[in-house]
Amino acid sequence: MADEGRWGGVTAPSRLASPTGTEDTPHAAHRTRLVLCLATIYLVWGSSFLFSKIAVSHLPVALFSAARFLSAGALLALVAHFGWGSSFPRRLEDWRHVVIAGFFMVFASNGLNIWAIQYLPSNQSALLNGTAAFWIAGLGVFGRRGHPLSRWAVVSLIVGFLGTALMLIPKGGSLHLEHVLAESAALVACCAWAIGTLYYRSVNTTLSSLMFMAMQMCMGGLMLLAVALLHGDVHRWTPNAPGLIAFAYLTLVSSCLAYTAYGWLSLNAPPAIIGTYGYVNPAIATVIGWEFLDERLSGVQIAGMVVIIAAVCLLTAFGSSTLSESKTLEEPETSSL
């Protein structure tokens, strides 16, 4: 059994030679990967809320989501197999892992989120999705790669959920059942995402990171396709330019590129660092929603936004691990066939 990094099954080198003749530890290269992957999910997922809002306004929700993840999963699987030499799942255990991860991270998380954004402004949806940072950090104490929470982390979690409560206060004071259900769905989606993320961190699999994410998308996409067929979405699909542009962006950029980066982070960064997208993405989504969709938050919701962002910053700065900890920088171990 060989110890391998999960990215394409490439064995992590013990030392890297620099052009000056001196040797750098793998930690420097590892930190570079962390920064690049974080920047990818910040920018891409921050802008994805706008494209999701456009997509659900022009395409049937379940069928659009199913087509998105089936297309992205198939494309990534081909790249992983023919480009990186990664094997397709062979063991029943590997299939079980990708089905479970696909259920939580694609079917439950994305399915609920894409349904909810029909009834929520994209900026509020993004801010509610920021609570994933708290779910990931809070649940991240469990499992074989769990990270303990400090007192500051506990404080930041409490503050963050108070900010979430402010975000849930309806604009104008009017309460609508549809709006409440959409907000609840977004929060449940965040919890499902956190469970899937932490489950993925704890599995033993022979699959590369890229192949795992690809098969996870395919499994989740098949689940969404079943819902789409039962709902009769096929008869409501009418191709149009805005919907297809949004579909292309979400499939190629948000799913293929950003999900791959997130998959690598799930294995190589602690929960608190992974959760930092929870305050960057909402900020980007809020600016974009304001500029292109003329979305506005109430004064109370803006206060909630500030509290949530402050809490996630506190969590990142003092709550758990940092980029310099050895446990953060170690490559995970997998076995090869």
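# A walk through the model, starting at Asp233

Select Asp233 to begin: its relative accessible area is 2%, so this residue is buried. Keep in mind as you click around that you are looking at a predicted model.

**Stop 1: the partner of Asp233**

Which residue meets Asp233 in a salt bridge? Add Arg236 to your selection and show both side chains: the two form a salt bridge with an N to O distance of 2.8 Å. Now color by accessibility if your viewer can do that. Arg236 has 43% relative accessibility, so it counts as partly exposed, while Asp233 is buried. If you're wondering what draws such partners together, side chains of opposite charge can pair when their charged atoms come close.

**Stop 2: a small network**

How many salt bridges does a search of the whole structure find? The search turns up three, and you've just seen the one between Arg236 and Asp233. For the next part of the tour, select Arg91, Glu93 and Asp94, which salt bridges link into a network.

Start with Arg91, which is partly exposed because its relative accessible area is 26%. Arg91 pairs with Asp94 at 3.2 Å, N to O. Arg91 also forms a salt bridge with Glu93, where the closest N and O atoms are 3.6 Å apart.

Are the two acidic partners buried or exposed to some degree? Asp94 has a relative accessible area of 0%, so it is buried. Glu93, at 30% relative accessibility, counts as partly exposed.

**Stop 3: a charged residue without a salt bridge**

Jump to Glu295, in the loop between helix 11 (277-292) and helix 12 (299-319). This residue is buried yet has no salt bridge. Why does Lys53 not count as a salt-bridge partner here? Lys53 is the nearest side chain of opposite charge, but it is 5.3 Å away, and a salt bridge needs the nitrogen and oxygen within 4 Å, so this pair misses out.

Glu295 does have another kind of link: its side chain and that of Ser122 are joined by a polar contact of 2.7 Å. To see the surroundings, show Pro121, Ser122, Asn123, Gly289 and Trp290, which are the contacts of Glu295 once you leave aside neighbours within four places in sequence.

While you're in this loop between helix 11 and helix 12, click on Asp294. Its phi angle is near 55 degrees, a positive value in a residue other than glycine. Unlike buried Glu295, Asp294 counts as exposed because its relative accessibility is 55%.

**Stop 4: two serines**

Next, pick Ser48 in helix 1 (residues 26-58). With a relative accessible area of 6%, Ser48 is buried. Which side chain makes a polar contact with that of Ser48? Select Ser254, and you'll find the two joined at 3.2 Å. Apart from neighbours within four places in sequence, Ser48 is in contact with Tyr249, Leu250 and Ser254.

**Stop 5: far along the chain**

Now for Ile245, which sits in helix 9 (residues 241-268). Ile245 counts as exposed because its relative accessibility is 55%. Measure from its C-alpha atom to that of Phe51: the separation is 8.4 Å, although the two are 194 residues apart along the chain.

Try the same trick with Val203, in the loop between helix 7 (177-202) and helix 8 (209-231). Its C-alpha atom is 7.3 Å from that of His97, with their positions 106 residues apart along the chain. Val203 is at 3% relative accessibility, so it counts as buried.

**Stop 6: the cysteines**

Select Cys37 and Cys218. Cys37 counts as buried because its relative accessibility is 14%, and Cys218 is buried too, with a relative accessible area of 12%. A disulfide is a covalent bond between the sulfur atoms of two cysteines. How many disulfides are counted in this model? The count comes to zero.

**Last stop: zoom out**

Switch to a cartoon view of the whole protein, which has 13 helices and two strands. Of its 337 residues, 53% are buried. Show the surface next: about 14400 Å² is exposed, and carbon and sulfur atoms supply 70% of that. Finally, think back to the pairs from Stop 5. Among contacts between residues at least 6 apart in sequence, 89% join residues at least 24 apart.

Conventions: Residues are numbered from 1 along each chain as its sequence is written. This is a predicted model: local features need pLDDT of at least 70, side-chain atom pairs count only at pLDDT 80 or more; totals for chains, interfaces and linings use all residues. Side-chain values use heavy atoms; hydrogens and water are left out. Helices (H or I, at least four residues) and strands (E, at least two) are DSSP runs, numbered from the N terminus. Buried means under 20% relative accessible area, exposed over 50%, partly exposed in between (1.4 Å probe, protein chains only). Lys and Arg count as positive and Asp and Glu as negative; His and the chain ends are not counted. A polar contact is a pair of N or O atoms within 3.5 Å; within protein, one must be able to donate a hydrogen and the other to accept it, and residues adjacent in sequence count only if both atoms are side-chain atoms. Contact means heavy atoms within 4.5 Å. Accessible areas come from the Shrake-Rupley method with a 1.4 Å probe; for residues, only the protein chains shown count as cover. A disulfide is a pair of cysteine sulfur atoms within 2.5 Å.
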